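Here is a short set of exercises to work through with the model open beside you. Try each task before reading its solution.

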Amino acid sequence: MRNYITMKSRALCPCCMEHQPWQMIWLRSCKANPLNNEIRELLKLLSKPNLKALLSVHDTVAQKNYDPILPPMPDNIDDDEDSVKIIRLVKNREPLGATIKRDEHTGAVIVARIMRGGAADRSGLIHVGDELKEVNGIPVDDKKPEEIIQILSQSQGAITFKIIPSVKEENTSKEGKIFMKALFDYDPTDDKAIPCKEAGLPFMKGDILQIMSQDDATWWQAKLEGDANPRAGLIPSKHFQERRLALRKSDVPVQPLKISNRKISEEAVECEEVECAGHNSGGHIAGFRRSFRLSRKDRKTNKTMYECKKSDQYDTADVPTYEEVAKYKRQQNEKYRLVVLVGPVGVGLNELKRKLLISDTQHYGVTVPHTTRPRRNQESDGVEYTFISKHLFETDVQNNKFIEYGEYKNNYYGTSIDSVRSVLAKNKVCLLDVQPHTVKHLRTLEFKPFVIFIKPPSIERLRETRKNAKIISSKDERGAAKPFQEEDFQEMIKSAQIMESQYNHLFDKVIVNDDLTTAYNELKTTFDKLEREAFWVPVSWVHS
Ligand SMILES: Nc1ncnc2c1ncn2[C@@H]1O[C@H](COP(=O)(O)OP(=O)(O)OP(=O)(O)O)[C@@H](O)[C@H]1O
């Protein structure tokens, strides 16, 4: 009985094994052996009329042939035309999901592309490279692709194709297993290079794309992750998109890549688809510091930021196209992911960090910065700052030990990579605020940073909410923080816009700091999720 059920579930189609004789054999074998309770129970169940009826229906269904009835083979087929295939597809409202083109050399009409998961693909009967000979009995050799599309659009119900199958084997081993995060917005209707706009897949920056086929070097096939529609759409390949983005600046028109295993590039038959388818309140927290973020005021006060050595690990910020990603969930025994906060000067990064820290000092931590300025009486080494000599600081800079560093009143200040490690080693969530261009250097397997962009609200809301607030990085003559001015708000908004346009592909989360409590709660919720749920991260952080 078990074998029978297993066999049936594997086959997934009714197979004729008439229940009557089978039941007889089984009953006979049961009688030969002593009956235990289970067998008795089963016998009782099998003799129930409803089960008998079910088995009888099964046998009736299994005896029928549900394959489509094909028209008889034409008599006048040449002997050398032995590889011809007649295919019948039933057309519903769904597009067939295939494109055709004319082969430049032979003049034959061939299937250029099969969209993964589309009707043609699911049928398993049509393949890339198949030569189309007839549609509904009408020869297509002398027809233009537009005329063929016309024939198809006028057909209702079943459509019969006569094709000569291609011999090419398709590589399907990695299909659907690759996921890419889109680092740009894409609208196929705006893309002059796409072979068929209707077959294109629009997407937004940040969307996760499931790559269904990379057979074509220029046009991949993809689906939006989690989308129930099985049919894939065309998207520019990473290489092609990088080339045209890189060349766009120089205004050189980019041709789609030539594909070596194809006789003709598809632009020759463009669009020939078969069917188109408040800081001041709290006490001092050890290690809490002013950030090194630059502003107008920094220039006034001689504060200078230096960019640390470029990392060669990751550079998609320069030509953002796609990044291969995989799902990652932190395991109990693993270190916490580094939390990187980014935002314009005065937006409230320190305030939010401070609130998080005082909410749970055991769980959250911040780095202790390095400085070359002399230690003051009330300060302790390793608490407010790690005090080091100018010579040692410069050596550490040379050795790439700083994430960021800057100069203020002839002294260096910097955040070392080791200071981040030391917070993480204490099994704490490390909160780090950096300039956005530094983020790419932190995107390593070791830190697996989760980047949160703190965004200012509208200027009207800034005026309202920051009426009594002071901008810490703007000091008066006596060194006290000054109230926000209109120009501070304007600069905050402008700087946020620049950050967002240049770096938003690196942001995992955007939080608008309008009402402080709301922003703080959103931050807390994000942290809770980070500890509980799986997130998309660069594939190299998962399969190292
Ligand atoms: N949502 C908010 N509503 C009202 N005031 C706020 C809000 N967020 C921050 N503030 C106040 O704005 C001021 C600047 O905040 P904070 O120092 O945290 O900004 P920052 O981004 O760290 O700036 P900087 O780069 O200058 O250090 C502080 O007085 C803070 O209390």
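A residue counts as buried under 20% relative accessible area, as exposed over 50%, and as partly exposed in between. Please keep in mind that this is a predicted model.

**Exercise 1. Warm-up**

Find how many helices and strands the protein chain has, and what share of its residues is buried.

*Solution.* Start with the secondary structure: the protein chain holds 15 helices and 24 strands. Next, take burial: 46% of the 544 residues count as buried. Finally, look at the surface, where the accessible area is about 29,600 Å², with 51% of it belonging to carbon and sulfur atoms.

**Exercise 2. A partly exposed pair**

Decide whether Asp514 is buried, partly exposed or exposed, and do likewise for Arg461, its salt-bridge partner.

*Solution.* Step one is the contact itself: the closest N and O atoms of Asp514 and Arg461 are 2.9 Å apart, and the two form a salt bridge. Step two is location. Asp514 sits in the loop between β23 (509-512) and α15, while Arg461 belongs to helix α13 (residues 459-465), so this pair links distant parts of the chain, 53 residues apart. Step three is the cut-off. Asp514 has 23% relative accessibility and therefore counts as partly exposed. Arg461, at 28%, is partly exposed as well.

**Exercise 3. Two buried pairs**

Work out which parts of the chain are tied together by Arg244 and Asp191, then which are linked by Arg443 and Glu323.

*Solution.* A general idea helps here: side chains of opposite charge can pair when their charged atoms come close. Begin with Arg244 and Asp191, a salt bridge whose closest N and O atoms are 2.8 Å apart. Because Arg244 lies in helix α7 (residues 238-248) and Asp191 in the loop between β7 (178-182) and β8 (208-213), the pair ties together parts 53 residues apart in sequence. Both Arg244 and Asp191 are buried.

Now turn to Arg443 and Glu323, which form a salt bridge with closest N and O atoms 2.7 Å apart. Here the loop between α12 (439-442) and β20 (450-455), home of Arg443, is linked to strand β12 (residues 322-328), home of Glu323, across 120 residues. Arg443 and Glu323 are both buried.

To round off, the count of salt bridges comes to 19. Glu131, Lys133 and Asp141 are joined in a salt-bridge network.

**Exercise 4. Two helices crossing**

Describe how helix α9 (residues 349-359) and helix α15 (residues 516-532) are oriented.

*Solution.* Two packed helices are described by the angle and the distance between their axes. For α9 and α15, the axes come within 10 Å and cross at roughly 60 degrees. The helices are therefore oblique to each other. As for handedness, α9 passes α15 in a right-handed crossing.

**Exercise 5. Inside and outside**

Is Gly414 buried or exposed, and which is Tyr66?

*Solution.* Take Gly414 in strand β18 (residues 411-416). Its relative accessible area is 0%, so Gly414 is buried. The C-alpha atom of Gly414 is 9.6 Å from that of Lys401, a residue 13 positions away along the chain.

Then visit Tyr66, in the loop between α4 (49-63) and β1 (85-90). With 56% relative accessibility, Tyr66 counts as exposed. Tyr66 also joins Val57 and Val61 in a nonpolar surface patch, and together they have about 280 Å² of accessible area.

Terms used
Residues numbered from 1 in each chain as written. Predicted model: local features only at pLDDT ≥ 70, side-chain atom pairs only at ≥ 80, totals over all residues. Heavy atoms only, no water. Patch = residues over 30% accessible without salt bridge, like charges linked within 9 Å, V, L, I, M, F, W, Y side chains within 5 Å. Areas by Shrake-Rupley, 256 points an atom, 1.4 Å probe, with all protein chains shown as cover. Salt bridge = Lys/Arg side-chain N within 4 Å of Asp/Glu carboxyl O. Helix = DSSP H or I, 4+ residues; strand = E, 2+ residues; numbered from the N terminus. Buried < 20%, exposed > 50% of the residue type's maximum accessible area, 1.4 Å probe, protein only. Axes fitted to C-alpha atoms, helices over the stretch in contact; angles between N-to-C directions. Parallel < 35°, antiparallel > 145°, perpendicular 65-115°, else oblique. Left-handed = near helix turned anticlockwise from the far one by under 90°.
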